[in-house]
Structure formats: structure tokens, C-alpha cells
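Look at the aromatic side chains in the structure below. The text after it goes through how their rings pair.

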Amino acid sequence: MERKWWHNKIAYQIYPKSFMDSNGDGIGDIKGIISKLDYFKELGIDILWLSPIYKSPLADQGYDISDYYDIDPRFGTMEDLDELIAKGKELGIGIVMDLVVNHCSDEHEWFKKACEDPDGPYGKFFYIEDHKEGQPFPCNWRSYFGGSCWEKLPGHDDKIYLHVFHKKQPDLNWENPLLRKEIYKMINWWLDKGIAGFRIDAIINIKKKLPFSDYPADRDDGLSSMDNMLKEAVGIGEFLGEMARETFRKYDAFSVGEVFNEKDSELPLFIGENGYFSSMFDFSTTHLDEESKTRYEEKEITANEYRDAIFANHKRIEGIGYLSNIIENHDEPRGVSRYIKTSDLSEHSKKALAGIYFLLPGIPFIYQGQEIGMENLKTSDIDSTDKLDDCANADIYNTAINAGLSEKDALNVLIKHSRDNARTPFQWSSEAHAGFSTANPWLLVNPNYKKINLEAQKKDDDSVFNFYKELIALRKDPEYTDTFVYGKFTPMYTDMDNLICYKRTGNKTIIIYTNYQAKEIDIKLESPIKTILLSNSKEVRFNEKELHLNGYDLVVAEV
Ligand code: ISL
Ligand code: CA
């Protein structure tokens, strides 16, 4: 496979609103990010992905863009961003912007013009349909945030528009070549500025199954999940191929797709050599507890389920391309609270999870706060839905109430699944507001910040933070980096429960052994250990034939 500049990189996702507030208004901003560039250098980060900072009403926290060419004043100015790009470059850190082009904001001038003249050129930038009060909508798709995906077009009683997300996020009509041209122009404008690339938001949604039609209802609301429609939508490749040719490829830019529901046969087209994208996220584990969201029974993801999901996905991708590996992002609860049993959650087990995902083939992404082991909110932290913020919360809560749960139980379901878990401010120190801001932050700080914060972890050699530093240093160690980046991936001990082990074979042979359970275990070695490269345990006991692993021990060994 042809080697690319981004293959050996370590990426970090910033959720700007919650990262660092520089001017005391309770909202994180670009100047705050600039003030932490040395932090990323110290950690060893090469790529910074910023969740959206464009001009936006923030109905979906910036994923509703009203001007693609401007920065929202709450986050700063274009000069601030230019400074971030330039300073990042000096430090060898590339900036990756979020590309949100399935939809824009209803406050974007395109949509305003479409409302003024639905039959004019901008009307064709959206999906606008005639509609008579009382008549059924053109289709029964449920928007991702709940309710119908159709909304009355402002100023027109006889017209509606499509929004697969929030009603303030009208879908852009990718079937229209003029719209596509505008999008490519905008992408290239940003690439000309010197950014390293894009993370591409919700991209699978740009191809709709047309003409609009109903799918079987899958909830009491009579609506159908978007997944049903997406399964039948074909032809997205024409748009994505064109976009890659017209934009990313000309700049050798890094592009990572937020791709769901892709078909196996399409994988080489998506991320193979000359694929539409450089990479796509591995979301194989995020669906494992999906059912508990709507079935309301506690579902803890087991070690075997976690292992089988990531191993299968990496095997599926083998020889085709590179996944971007994550344990969480701004849309998911915190990984440590989700993939580690509550009763087993500790600094030790957090390091085990870190080591497992970090040394897989692909590009490791760290989501802000993950490197200090930030956790979900606890049900005892919040007594009312008012304390939370996300626009997706109402649907989760109301669906639980409609299913017959009490208000308290519905609130507990929400606290467990809300995207706000990942969006509470970064915990810099034990100072007021966790050192994130001098003012009251826009979203509550997780009350555990006195215990879990960066300042404390920097001082502690055994902290989760210092373990992440070691993991990054190991992946970048000139002796081993080639094996971690390009080495073959072989699952091991998959017939044994709770062991998550794999081999990486390149110019070195490295085995990652993890005992993902509280119980200790002795395992038979396939080949004798030469050197222990890294472990979360102070003392690793092994002989020629056997390795002893205490609960949640992770051992990275050269054999
Ligand atoms: O967040 C989800 C489930 O909790 C997903 O359904 C999510 O909506 C989907 O992954 C698409 O996400 C992206 O686009 C959305 C935005 O709200 C998310 O923050 C973004 O990551 C709309 O732009
Ligand atoms: Ca601010």
C-alpha cells in the first residue's frame, strides 16, 4: 500500500465550546486552544480536529452552520484561527476542520433566499415540497433528534422542507450540481488557507432514496428510522468521488469520514487506495449497547463483545485501508464509563482500555479529556433535565416517558446516554470551574473534577495522563513505529473469555496482552517474551512459557 503522510499520525479531537475559555464568558474559544498548543506538543499530537467553530446559531452546537466562511464570535475571529493554523504549523501540528455539508443552518443565506423564492435557484439547494395541511408528508422518516423530518417552510403555508437532523438544519440537495459546486469551492477555500484536512460529518446522509416513500414504522410515533431509507439509497459514490477529485486529492489533504451504514462492497471505494476518504472512524463498538437506549434494561458491554467487534472490523478492513480508532467522541458517552464495567472502573482499567485501542492498526484519535480518564456524569449529579443542554436529549427523555418510565427513571436513562456526558468542560485543575473558565461554564462541570484533573495527573507518574504519553511515545519510537503503523494485525486467544490480545507483525513482532476482567489469570505464551515495552502494571511476572496477568493488566511485549 502506498505510504501517506497521515498514516503514522496521532490525532486529537477538540470540542471547542468545552475545551478552554480565554475571556471568561463561560464558553471555550480559539484563543483558549492556542494557549494549550504546548500541551499538545508535550503529549505528541500531530493532528487537531476541531468540532465546528463556524458562524452558527448553535442549535446543534455548531453543526448548524450559517456561514461557512466565517467564525462564530463566541469562538473568536478568523485572525484567531489563522494564528492557530500558523502556530500549529510551527509545532508540526495540522488543523483539521469539521465539514458539515449534509445540511446547513436555517439561518444560512441560502435557506433565507430559498424561503423568499422557493422556486428560484436557492430553493433547489434544499428539498422543498408542496404540502397541504392535514395531508400526509412525502415520507415518514424520523429525524435523528426525534419527530418528523418535515417542517413547514417559513412564510409558506403550502410548502415543507426536509431536515434529517434538527429542524434548524435543513438538508442540502446534493442532487443539484450547483450546490455541489458551491460546497467544493468552500472546501478548497479552506484548504488554500493551509489546514491539513477535514473530518466529514454525517456524510452517508447526503444520498437519499428518491422519490420519497414510507418505510415500516419502528416506534409508536408511526415513523421509521433513517437507517431503513439509507440501506436502500444507492449512488453516493458519484458525489463522494467527485468531491475527492475536486477538493481533497488536489491538496493531498487528510479526510476522515463519519461513515455509518456503509456497504461492505463499498469499503475499497471509501477508504481504499484513491478512496473517497483517507480514513473513516471505527464505530463498531458504539452500537453494542444501542438496545439499552430504547429497551431500558441495564446492558453492560462485555469484554468479549468489545473484542469481537473491534477485531472483526479490523479484519474487514485489512488490506483495504486505515480506520480511525476511537473510544469516544462528542456524540458518545465517555468510553471508560461505557466499555469498562462500573464495578471495575479504575485508573488501572482505564489504562488497559487505552492500550487496547491505541496500538491497533489505524490512526488513534483521542477525544478531549479522554487522556485524563474523564467519566460520564452520575445519576446523583443531576436532579433535572434543565441541567443538561443537548438538542438530542428531548427525544431520549420523551421516548422513555412514553414507554412508561417514571420521570426519575427517564432522567437516569438520559444521564446515561446523553451526548452531554462528553461535552462537560475539560478538567484542567481542582480550581473553580475545573480551571476551564473564570465564569460559570455554559454546561456543568462534572463534579468529580477535584479528583480527576490534568494538574493532579501531571504530578503523578502513574496517572492515566502519563500512560497516554507513554503510549504515544511508544507508537512513535523509531524502532517500533513501522510495526505499529504498517504491521500485520493478528487476533490472539479469542477462544478465551475476557482476554483482549493481538499481535502486530512488521520488522518487529509485538504482542498486546490484556486481561480485561477483575480476575487474575496465567496464560500460555506462544513465543517467549524478549522485552516488555509497556505495561500498566509495575511488575510483570512471566517465564519462558507463561505470563501472569492480574485484573486489567495490559502488557505490550516484543517477542
Ligand atoms: O449522535 C448520534 C447518536 O447519539 C448520532 O446519531 C449522530 O447524530 C450522527 O452520528 C451524526 O453526527 C454528526 O452530525 C450531527 C451532529 O449532531 C453530531 O454532533 C455530529 O457528530 C448533525 O450534524
Ligand atoms: Ca470564551
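What follows describes ring pairs, a ring cluster and charges over rings.

This is a predicted model, in which local features need pLDDT of at least 70 and side-chain atom pairs count only at pLDDT 80 or more, while totals for chains, interfaces and linings use all residues. Residues are numbered from 1 along each chain as its sequence is written, and side-chain values use heavy atoms, without hydrogens and water.

The structure holds 43 aromatic pairs. Rings of Phe, Tyr and Trp (its six-membered ring) pair if their centres lie within 6.5 Å; planes under 30 degrees apart count as stacked, over 60 as edge-to-face and the rest as tilted. Tyr 127 and Phe 212 form an edge-to-face pair, because their ring centres are 5.9 Å apart and their planes stand at 75 degrees. Tyr 127 is in the loop between helix 4 (109-116) and strand 6 (128-130), and Phe 212 in the loop between strand 9 (197-200) and helix 6 (226-232), so the pair ties together parts 85 residues apart in sequence. Tyr 127 is buried (under 20% relative accessible area, 1.4 Å probe, protein chains only), at 5%. Phe 212 is buried too, at 15%.

Phe 358 and Tyr 468 have ring centres 6.2 Å apart and planes at 85 degrees, so this pair is edge-to-face. Phe 358 is buried at 0% relative accessibility, and Tyr 468 is buried at 1%.

Ring pairs also link Tyr 54, Tyr 68, Tyr 69, Trp 110, Tyr 122, Phe 125, Trp 189 and Trp 190 into a cluster.

Technical notes: Chains lettered and ligands numbered in written order. Helix = DSSP H or I, 4+ residues; strand = E, 2+ residues; numbered from the N terminus. Buried < 20%, exposed > 50% of the residue type's maximum accessible area, 1.4 Å probe, protein only.
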